[in-house]
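Trainee: Please take one part of this structure, the place where the two chains meet, and go through it closely. Start with what the record says, and give the cut-offs as you go.

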2 protein chains.
Amino acid sequence: MNQTDSPEYLARKSAYDRLITVYGRKPVYEILADRSLEIFRLHLADSNRGGGIVEQIKSLAAQRNIEICYHSREQLARISRNSKQDQGVACDIHSAGYQPYKKALEKLPSADQRPLIALDGITNPQNLGMIIRSITASPAYGLLLPSKGCADISALVIKASAGTVFKGNILRCESLAKALPAFIEKGFEVCTLSSHQATPLAEFKPQAPIIYVLGNETEGVSKEIAALSKHRVGIPMANGVESLNVAITAALIAFSGL
Amino acid sequence: MNQTDSPEYLARKSAYDRLITVYGRKPVYEILADRSLEIFRLHLADSNRGGGIVEQIKSLAAQRNIEICYHSREQLARISRNSKQDQGVACDIHSAGYQPYKKALEKLPSADQRPLIALDGITNPQNLGMIIRSITASPAYGLLLPSKGCADISALVIKASAGTVFKGNILRCESLAKALPAFIEKGFEVCTLSSHQATPLAEFKPQAPIIYVLGNETEGVSKEIAALSKHRVGIPMANGVESLNVAITAALIAFSGL
């Protein structure tokens, strides 16, 4: 058994996989002040000067018994993955439902066949936050979020989600085109949203667990994804309206089982 | 017959009632450039200097045969009702469904008993625009929008609505507390949204035409409105989420007949 197979290593890796890292002084301060969040570690750059908000952050962490790790500016940039905006401060938040999709797939589809919602090219943090909030509140299983082509989970997204980012299932993948075939192999069927030649949402009665894929408002889903899709559903619209905001569409789908 | 009863006066008044006034140089320029909008009149302050965007606005109006009216700075402020931000420019857009609620009530409830959605204390223009877009696209009759306590229809709202402000029914009133009794008299029943002791939305099967009232996210509906309400419905939420964005709630209700 080598080191990467040991139970301790796997348990530690699994815990790390469920951390969401947030950076920036004000966002980290607000997160530390929110006692409902389970914070794993605070990361500070050695180069931070004392005083001001950095001192307040340290004192909040001390009150809450949160481990503080000190790093060089370069090491901190590797943790935040955004050296331009991290301001020498980052923290890891534990989020039980935030996980690599392969991990979740081991347990899916669950007996109740709840749908998943996947995003393709949603770059607006405000929309992503609203989508996470609605899906987390809905009867759907959760969100499949690619790192390629979608907004990252940033302080803006957390704010727009009203803190729900840490409450529901968010499955991560690198590329949606690569992750979807693994779901299809497990018995899922992919359904895209479309205004052309689509089944009205209310009439769509799937026989298998579904992953709905939402594309961005101007371009829709990419060709690669359309090729993997078995179903097309649409939301009929009145008064000549051509499209809905993507966060509205996500909510209508996530709650459509109601 | 005095002047205010003449058929000409009434026809003119009715046409004026259906105008939405937008102000500010860039918003007016963008509206004039959108050929799908029916523009009634362009208003300019005498004090505008020639050149730049004002010249482009004038030239667009001339191309489209839109009447240009010149006013003193004070007269223009009365038209825009926002002298601080009008920049000496305003225009009136014709919108067939934008009307005083009393006008609409003459024809309501319509045979199909479509619901109305009323807003109480929605001050965020982004939310108002998204709500208008969703309701206009939905099977609901339209929106009841009070001038007291809600955002005005501004350039920001029009943008967030993706131009749908001019497509659906928007009934205006001054105060919701004063307008709702007129709807109740016509056979409507008022339904508020609530997370406490509420009927789940999916189980709510109204026997009369309904006006759903949505309050703002922090305070909910006001007491006056709650007193007029006959029904309370709620949207059950998973994962301990406490509330949805108000634009999401509006969409789920407007499309709930689906």
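Mentor: UniProt, in an unreviewed entry, places the feature "domain: RNA 2-O ribose methyltransferase substrate binding" at residues 21-99 of chain A; UniProt positions are given in the numbering used here, feature names are shortened, and annotations may be inferred rather than shown by experiment. This is a predicted model, in which local features need pLDDT of at least 70 and side-chain atom pairs count only at pLDDT 80 or more, while totals for chains, interfaces and linings use all residues. Residues are numbered from 1 along each chain as its sequence is written, chains are lettered from A and ligands numbered from 1 in the order in which they are written, and side-chain values use heavy atoms, with hydrogens and water left out.

The span 21-99 of chain A is 37% helix and 29% strand, and its end C-alpha atoms lie 13 Å apart. Helices (H or I, at least four residues) and strands (E, at least two) are DSSP runs, numbered from the N terminus.

Now the meeting of the chains. Chain B superposes on chain A by a rotation of 180 degrees with 0.0 Å of shift along the axis, at an RMSD of 0.0 Å. The two copies are thus related as by a two-fold rotation axis. The fit is by least squares on the C-alpha atoms of residues with pLDDT of at least 70 in both copies.

In this interface, 27 residues of chain B are in contact with 27 residues of chain A, contact meaning heavy atoms within 4.5 Å. Of the interface residues of chain B, 100% are also interface residues in chain A, so the copies meet through the same surface.

The area buried between the chains is about 2,300 Å², with carbon and sulfur atoms giving 65% of it; buried area is the accessible area (1.4 Å probe) that two parts lose on being put together, summed over both. In chain B, the residues that lose the most area to chain A are B:Arg133, B:Asn239 and B:Ile248, together 23% of what that side buries.

Helix 6 (125-137) and helix 10 (246-254) of chain B each supply at least two residues of the side that touches chain A. Helix 6 of chain B gives the largest share of that side, five residues.

Across the interface the rule finds zero salt bridges, a salt bridge being a side-chain nitrogen of Lys or Arg within 4 Å of a carboxyl oxygen of Asp or Glu. The search of the whole structure finds 10 over all chains.
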